[in-house]
Amino acid sequence: MRTAIVSAMHEELSAVLALLPDEQKQAAAGRDFWVGHLHGKEVVAVLSRIGKVAAATTATVLVERFAVDRILFTGVAGGIARGVQRGDVVVADAFMQHDLDASPIFPRYEVPLYGTDRFGTDAALTQELLSAVKRALPSTRLHRGLVASGDRFVSSAAESQALMRALPDVLAVEMEGAAFGQVCRDYGVPFAAIRTISDRADDAAHGDFLSFIDDVASRHSAAIVEAFLRAA
Ligand code: SAH
């Protein structure tokens with residue numbers, strides 16, 4: 001069983017790599033993939049890079065070249081739904097692309113030829129991840145539900161409110177998850193994702209995001225990955 005651990009940011013990846021006693025670097029598609037063990041389990045850790053296309057390439061290489069059996073994504077996101085606050089953790093049940101619009105040929109948000117606008121995460125893996133988050137961060141507020149991805153850093157109250165009105169069940173917004181969801185569905189590889197809320201996708205988002213990355217995000221990711229693989 002080979003588990004891919006994917007992070008969106010350098011800070012998160014370094015915290016995860018610090019847990020691996022024996023990682024070896026392998027380059028592919030201009031990325032560094034770190035193959036090693038955590039709690040005796042085989043892992044491949046990599047930076048997804050930012051945005052949906054970069055994420056899709058990373059996911060494809062993980063499956064085709066590194067033959068991973070499952071993919072776990074940890075990163076940060078902007079809170080959209082009321083009550084999803086900085087420091088909270090969102091475990092994704094499903095992902096959609098908030099910037100996809102092939103209407104009127106296909107309904108707004110629908111991914112052409114898939115007949116759906118959302119890709120669910122793997123139920124069993126998501127449950128394991130949820131338990132790991134509870135063990136690793138017992139005092140953190142947890143949410144579970146829909147996360148929206150798009151090739152935009154959402155950083156104004158006007159835009160986040162428009163998103164909330166258009167997609168009332170979206171908890172958080174980020175830039176990679178839906179791409180992983182779609183590639184993993186294409187290949188039938190189980191996928192699960194957590195996002196720590198770094199900002200509220202509002203006018204203060206950029207400053208909040210930067211300070212959060214340094215302070216909290218990397219510790220969160222590493223603690224969750226450690227708890228997950230300890231039990232897996
Ligand atoms: N490199 C830039 C911005 C990084 S993009 C900088 O350092 O300022 C933000 C990353 O965090 C993406 O990988 C995305 O998935 C996530 N993210 C966090 N808050 C977000 C928001 N408000 N909107 C979109 N993505 C967000």
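This text leads from the ligand and its surroundings to the pocket that holds it and then to two details of the backbone. The structure is a predicted model, and every value below was computed from it.

A good place to begin is the ligand, which is surrounded by 19 residues. The closest of these are Val154, Met175, Glu176, Asp199 and His206. Sorted by class, the shell around the ligand consists of eleven nonpolar residues, three polar ones and five charged ones.

Within these surroundings, some individual atom pairs can be picked out. An N or O atom in the side chain of His206, which is also among the closest residues, lies 2.9 Å from an oxygen atom of the ligand. Arg195 places a polar side-chain atom 3.2 Å from an oxygen atom of the ligand, while Gly78 takes part through its backbone, where an N or O atom lies 3.4 Å from a nitrogen atom of the ligand. As for how much of the ligand is covered, the ligand on its own has 570 Å² of accessible area, and the protein covers 85% of that area.

The next step is to ask where the ligand sits. Its place is in the largest pocket, for which the volume comes to about 240 Å³. Four elements each give two or more residues to the shell around the ligand, namely strand 5 (70–79), strand 9 (170–174), strand 10 (191–199) and helix 6 (205–231).

The pocket can also be described through its own lining, which is made up of 17 residues. Val76, Phe153, Glu174, Met175 and Phe209 are the lining residues that lie nearest the centre of the largest pocket, and Met175 has already been named among the residues closest to the ligand. At least two residues of the lining come from each of strand 5, strand 9 and strand 10. By class, the lining of the largest pocket is composed of ten nonpolar, two polar and five charged residues.

Two details of the backbone, both found in loops, complete the tour. In the loop between strand 4 (41–47) and helix 2 (52–64) the reader will find Arg49, a residue that has a positive phi of about 75° although it is not a glycine. Further along the chain, the loop between strand 6 (89–97) and strand 7 (118–120) contains Pro104, which is joined to Ser103 by a cis peptide bond with an omega of about 5°.

Technical notes: Residues numbered from 1 in each chain as written. Predicted model: local features only at pLDDT ≥ 70, side-chain atom pairs only at ≥ 80, totals over all residues. Heavy atoms only, no water. Near = heavy atom within 4 Å. Polar contact = N/O pair within 3.5 Å; in protein donor to acceptor, adjacent residues only side chain to side chain. Areas by Shrake-Rupley, 256 points an atom, 1.4 Å probe, with all protein chains shown as cover. 1 Å grid on protein atoms, 1.4 Å probe; cavity = no way out; pocket = protein on both sides within 12 Å on 5 of 7 lines; lining within 4 Å. Sits in = over half its atoms within 2 Å of the grid points. Nonpolar A, V, L, I, M, F, W, Y, C, P; charged D, E, K, R; others polar. Points joined across faces, edges and corners; volume = space filled by probe spheres on them.
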